[in-house]
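Here is a quick tour of one protein model, going from its metal site to its rings and its pocket. Have the structure open as you read.

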Amino acid sequence: MSTNVETRTNPAKQADFLPLLGTDYVELYVGNAKQAAHYYMSAFGFQSLAYAGPETGIKDKVSYAVNQHKLTLLLTTPLRANNPVADHIYKHGDGVKNLALRVDDATKAWEETTKRGARSFLSPTILKDNDGELVMSGIHTYGETVHLFIERNNYSGAFMPGFRKWENEYFKPADTGLLYVDHCVGNVGWNQMNKWVEFYEQVMGFRNILSFDDSDISTEYSALMSKVMSNGNGYVKFPINEPAEGKKKSQVEEYLEFYDGEGCQHVAMATNDIVHTVTELRNRGVEFLRVPTTYYDDLLDRVGQIDEDLGPLKELGILVDRDDEGYLLQLFTKPVEDRPTLFFEIIQRKGAKSFGKGNFKALFEAIEREQEQRGNL
Ligand code: FE2
């Protein structure tokens, strides 16, 4: 059975008022950035890139940038209580604060979005050092999450002014083949999905490319609804989930309860060789959701011929789904912190542009088994 996605084509042919070049970086506020950086390097294969803290003139927080191909994570921790970073962690635990988007003109991006109703987080600000200048601006989105606009055409430094290049002389883990951000999913509250769909349409010029209702995404017990928003060139995709009524508590409700509000549920990172990437991640201790091995019994009947051998997919628990344009392979980590909040998806696309709807049922049953063990189903 191939996925049968509802594609809404909305031929908005007017010029894109917010041209995005892709994801620049994802910033997590964490309780201990030094240890988080070590985790993302050792477990996920990120490389040390840049550092900011008291030694670079930043007094109240420390940040480590780590990268792998086109993926950059920024890990920030507060040095004292009573500041926005500390408050964010106290309320939400470790989580995504900034989904930073690369643009050619951060001033225009801010003007175009704020004049359409976005709430400003940061008016256009020029940051300078000996490597040039970088312009940054930002707007609020769901919860306390922010979209920063990053213009770095005139900057040649390792990351941005305020940072120094960081070379970890003790530890150089091999990368794991993670390439770029495929999509970032937001969890929003009851009846809030359409409000945020409208925000992305009207304020940021995105289109709703796929929709899933609770009949698509419901198991025996719990349900959610989702709409996928994409920018004009398709480089930036933000699915938005809201809980739906089921017999028991939706995974989105569990997230909202433990994150204490709306926020980023998962970041999907692309690879060209998921068997290699997931083998590496597993060997380095990353924990993944598991579906029952019966998932593989009739997999090829469901998705047709695929290039990969079934054995390694079954061994690693990798999921496969097909749409009209091709197929995809995907796998989800367990939450990467103690609260059942943020997790990561590893995805390899072989033509498919969808999100694995055919896997939702098996996947959500796996999530419910985890929820049940936590006493939150
Ligand atoms: Fe996803």
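## The largest pocket

Before counting residue types, a word on the classes: Ala, Val, Leu, Ile, Met, Phe, Trp, Tyr, Cys and Pro count as nonpolar, Asp, Glu, Lys and Arg as charged, and the others, Gly among them, as polar. Sorted that way, the lining of the largest pocket comes out at 13 nonpolar, 14 polar and 13 charged residues. Keep in mind throughout that this is a predicted model.

The largest pocket holds about 990 Å³ of space. Its lining is made up of 40 residues, and those closest to the centre are Tyr 180, Asp 182, Gly 234, Tyr 235 and Lys 237. As for the elements that give two or more residues to this lining, they are strand E2 (22-29), strand E5 (71-78), strand E11 (178-187) and strand E12 (207-212).

## The iron site

Which protein atoms hold the iron ion? The donors are NE2 of His 183, NE2 of His 266 and an OE atom of Glu 345, at 2.0 to 2.2 Å from the metal. Along the chain, these donor residues follow the spacing H-x82-H-x78-E. His 266 belongs to strand E15 (residues 263-271) and Glu 345 to strand E18 (residues 343-350), so this pair ties together parts of the chain that are 79 residues apart in sequence.

Are these two donors buried or exposed? Buried means under 20% relative accessible area. His 266 has 8% relative accessibility, so it counts as buried. Glu 345 is buried too, with a value of 2%.

## Aromatic pairs

Searching the whole structure turns up 21 aromatic pairs. Take Tyr 39 and Tyr 40: their ring centres are 5.1 Å apart and their planes meet at 75°, so this pair is edge-to-face. Planes over 60 degrees apart are what earns that label. The two residues fall into separate exposure classes: Tyr 39 is partly exposed at 29% relative accessible area, whereas Tyr 40 is buried at 4%.

Then there's the pair of Tyr 200 and Phe 238, with ring centres 5.4 Å apart and planes at 50°, so this one is tilted. Tyr 200 sits in helix H4 (residues 193-202) and Phe 238 in strand E14 (residues 237-244), so the contact ties together parts that are 38 residues apart in sequence. Both Tyr 200 and Phe 238 are buried. They also belong to a cluster linked by ring pairs, along with Tyr 142, Trp 196, Phe 199 and Phe 206.

## Arginines over rings

Two arginines are worth a look for where they sit. Arg 116 lies over the face of Phe 17, 3.4 Å from the ring centre. Arg 302 does likewise with Tyr 295, at 4.7 Å from the ring centre.

## Two charged residues to find

Helix H4 also contains Glu 198. With a relative accessible area of 43%, Glu 198 is partly exposed. Its C-alpha atom is 34 Å from that of Tyr 155, and the two residues are 43 apart along the chain.

Lys 227 is in strand E13 (residues 223-230). Is this lysine buried or exposed? Lys 227 is buried, because its relative accessible area is 19% and the cut-off is under 20%. From Lys 227 to Met 136 the C-alpha distance is 28 Å, with their positions 91 residues apart in sequence.

Key
Residues numbered from 1 in each chain as written. Predicted model: local features only at pLDDT ≥ 70, side-chain atom pairs only at ≥ 80, totals over all residues. Heavy atoms only, no water. Donors = N, O, S within 2.8 Å, 3.2 Å for Na, K, Ca; no water. Helix = DSSP H or I, 4+ residues; strand = E, 2+ residues; numbered from the N terminus. Buried < 20%, exposed > 50% of the residue type's maximum accessible area, 1.4 Å probe, protein only. Phe/Tyr/Trp six-rings, centres within 6.5 Å; stacked < 30°, edge-to-face > 60°. Lys NZ or Arg CZ within 6 Å of the ring centre and 35° of its normal. 1 Å grid on protein atoms, 1.4 Å probe; cavity = no way out; pocket = protein on both sides within 12 Å on 5 of 7 lines; lining within 4 Å. Points joined across faces, edges and corners; volume = space filled by probe spheres on them.
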